[in-house]
Protein chains: 2
Amino acid sequence: MGGTNTAFAIVDSVGHILAKDSFPTATASAEVWADTLSRKISCMIADSAFEGEIEGVGIGAPCANSVTGCVEAATDLPWPSPIPLASMIESRLGIPTVIANDANATAIGEMTYGAAVGMRNFIVLTLGTGVGSGIVCDGHLLSGARGFAGELGHVTFPFASDRLCGCGRRGCLQTVAAAKGIRETARRLLEESDRESALRDIPESERSPLAIEQAARSGDPLAQEVYAFTGECLGKAAAEFAAFSDPEAIILFGGIARAGELLLKPMREAFVANSLHLYRDRVRFLCSALDDAEAAILGAASLPYMH
Amino acid sequence: MGGTNTAFAIVDSVGHILAKDSFPTATASAEVWADTLSRKISCMIADSAFEGEIEGVGIGAPCANSVTGCVEAATDLPWPSPIPLASMIESRLGIPTVIANDANATAIGEMTYGAAVGMRNFIVLTLGTGVGSGIVCDGHLLSGARGFAGELGHVTFPFASDRLCGCGRRGCLQTVAAAKGIRETARRLLEESDRESALRDIPESERSPLAIEQAARSGDPLAQEVYAFTGECLGKAAAEFAAFSDPEAIILFGGIARAGELLLKPMREAFVANSLHLYRDRVRFLCSALDDAEAAILGAASLPYMH
């Protein structure tokens, strides 16, 4: 469920999408949205061969709190929060329903269908508009006292101490590792010298992480430096995160993670240079194995397997 | 089990020590130690009314890894590591045996008998020779991929970036918040001015955290500043830790924690000033409720309840 669109699907236990549809989220009220979704899901089940075999419903949504089952303070949705999403769908469909925020759903998706199959200890960092995270430790997705475990995008670091975050604090990881941060790193590098770079030919408003990535792949040294810095910051951050949950892998997800080795190589090097010896050569750095187009659906579909 | 002494006891489910004894750890080999301990425990059980009712054995030991059941790389013990401590005792006594390092045993002890009874999300920081930690999230003590979760004494911070840690890195929390760090903070404050302080009358070798605490309680402003700085650092660290596991409380344990409000007050203030709004007024800061003399025994005794 996103601010614009609600996509839904029937997914089997190995991650095949058997049927899939969507509708605009902006209905008259959350109740109308729940009625619409429930009716459409019932029709999809009736149209398919799966009636009576649906084990659970999983919903990934912005600001979804798996502890309360509510969407809380979601500025992207057209209705007032909190919305008791889990119980609204569960009561309509009579099927156990679990909700989680997008990053946590992604972590469970990676464990169920993706890069973390067979792992019991890993961290997923979702690099997008912000930096989200899902922490799985000892096979369990961390929720915390009020469902706010794993806000690793808001852990602060010296390498970002001169950057103001939307949360009002300085130095948050997401001020360098999310889309806006990568744009800002490029802007600073371009400004502090007059080195030649293909990025100078791109208007600032169009200088997206993808455009910078493409320039880096084409051999532009300044664009490569943007990703080297971002990866280095992620590696330093990972060195601190390791001391918390002793993960076997840290998995990058989202549009920015498509930069692959451009990020992973400096990330590995910075991790080795900065981590405690206990973790130094023990953590793998991976990019998501979920297909981008299907990741939201698969993350949500994996949630019922979480318990 | 410490490097010098091995203390053992029969403890009931509410934390009463029903029988207690100890013997010197330094036996000829780990096998002789295990034989000795097992024989003494069997005698203690036979001498009491508890035969056949012992639910489990818990052992707190330095460098004990609860994932492998082994003591690993313990420089304080008289025998070579790894020592498969859990299986050595379990095979001799025929009672399920769990081992954990001291900080993790303390965390379970606090949850079972101490300040964290009824809590499912908290962090214990043990302030002593180093800074150890035990993280309980969603009712579960975090172990991690190889049993090294919760090495929070080795998370690095800007406030300690000029301090070298025994691990070879700079900026680890324990370089300010463990005994040696508190001594060093006092030394620096004394050196950087000629302010009057009762601490000047104490030879540097005798300027222990306890001596500094006593001077602070007697109204010595410089000694108070030592604890204010230490508490402020702990509060800043806690602000970062909260984003990981969303705890309802952070509990200080160990000799240094006896400073109580001298540490807790600046810690609370620094937490509020530095944490993400989600956590700001939601985390309690407490000192251990376990009696110091009994804490090691109670921590170990609580381990069988962990699973």
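This report describes a predicted model of two chains, A and B, and the contact between them.

**Confidence**

For the complex, the predictor gives an ipTM of 0.91 and a pTM of 0.91. Chain A has a mean pLDDT of 93, and 98% of the residues of chain A reach 70 or more.

**Relation of the two chains**

Two copies of a chain are related by a rotation about an axis and a shift along it. Here a turn of 180 degrees, with a shift of 0.0 Å along the axis, lays chain A on chain B with an RMSD of 0.0 Å. This is the relation of a two-fold axis. The residue of chain A that comes closest to the rotation axis is A:Pro158, whose C-alpha lies at 3.3 Å.

**The interface**

Chain A gives 39 residues to the contact, and chain B gives 39 residues. Of the interface residues of chain A, 100% are also interface residues in chain B, so the copies meet through the same surface. Between them the two chains bury about 3,200 Å², with 57% of that area on carbon and sulfur atoms.

Polar contacts between chain A and chain B come to 28 residue pairs, counted where both residues have pLDDT 80 or more. On the side of chain A that touches chain B, the elements giving two or more residues are β8 (131–137), β9 (140–141) and α7 (221–245). The largest share comes from α7(A), which supplies five residues. By residue class, that side of chain A divides into 19 nonpolar, eleven polar and nine charged.

**Salt bridges**

Side chains of opposite charge can pair when their charged atoms come close. Over all chains the count is 22 salt bridges. Across the interface of chain A and chain B there are two. One bridge between the chains and one within chain A are set out below.

| Salt bridge | N to O distance |
|---|---|
| A:Arg146 with B:Asp246 | 2.8 Å |
| A:Asp35 with A:Arg92 | 2.7 Å |

A:Arg146 and B:Asp246 belong to opposite sides of the interface, one in chain A and the other in chain B. The bridge of A:Asp35 and A:Arg92 joins two side chains of chain A, and this pair links distant parts of the chain, 57 residues apart. A:Asp35 sits in helix α1 (residues 30–47) of chain A, whereas A:Arg92 sits in helix α2 of chain A.

**Backbone features**

A cis peptide bond occurs between A:Ser81 and A:Pro82, where omega is about -10 degrees. In chain B, the peptide bond from B:Ser81 to B:Pro82 is cis, with omega near -5 degrees. A:Pro82 is placed in the loop between β5 (70–71) and α2 (85–93) of chain A. B:Pro82 is placed in the loop between β5 (70–71) and α2 (85–93) of chain B.

One further backbone feature concerns A:Asp138, which is not a glycine yet has a positive phi of about 55 degrees. A:Asp138 lies in the loop between β8 and β9 of chain A. Both of those strands are among the elements that give two or more residues to the side of chain A touching chain B.

How values were computed
Residues are numbered from 1 along each chain as its sequence is written. Chains are lettered from A and ligands numbered from 1 in the order in which they are written. Side-chain values use heavy atoms; hydrogens and water are left out. Contact means heavy atoms within 4.5 Å. Buried area is the accessible area (1.4 Å probe) that two parts lose on being put together, summed over both. A salt bridge is a side-chain nitrogen of Lys or Arg within 4 Å of a carboxyl oxygen of Asp or Glu. A polar contact is a pair of N or O atoms within 3.5 Å; within protein, one must be able to donate a hydrogen and the other to accept it, and residues adjacent in sequence count only if both atoms are side-chain atoms. Helices (H or I, at least four residues) and strands (E, at least two) are DSSP runs, numbered from the N terminus. Ala, Val, Leu, Ile, Met, Phe, Trp, Tyr, Cys and Pro count as nonpolar, Asp, Glu, Lys and Arg as charged, and the others, Gly among them, as polar. Copies are superposed by least squares on the C-alpha atoms of residues with pLDDT of at least 70 in both. pLDDT is the predictor's confidence in each residue, from 0 to 100.
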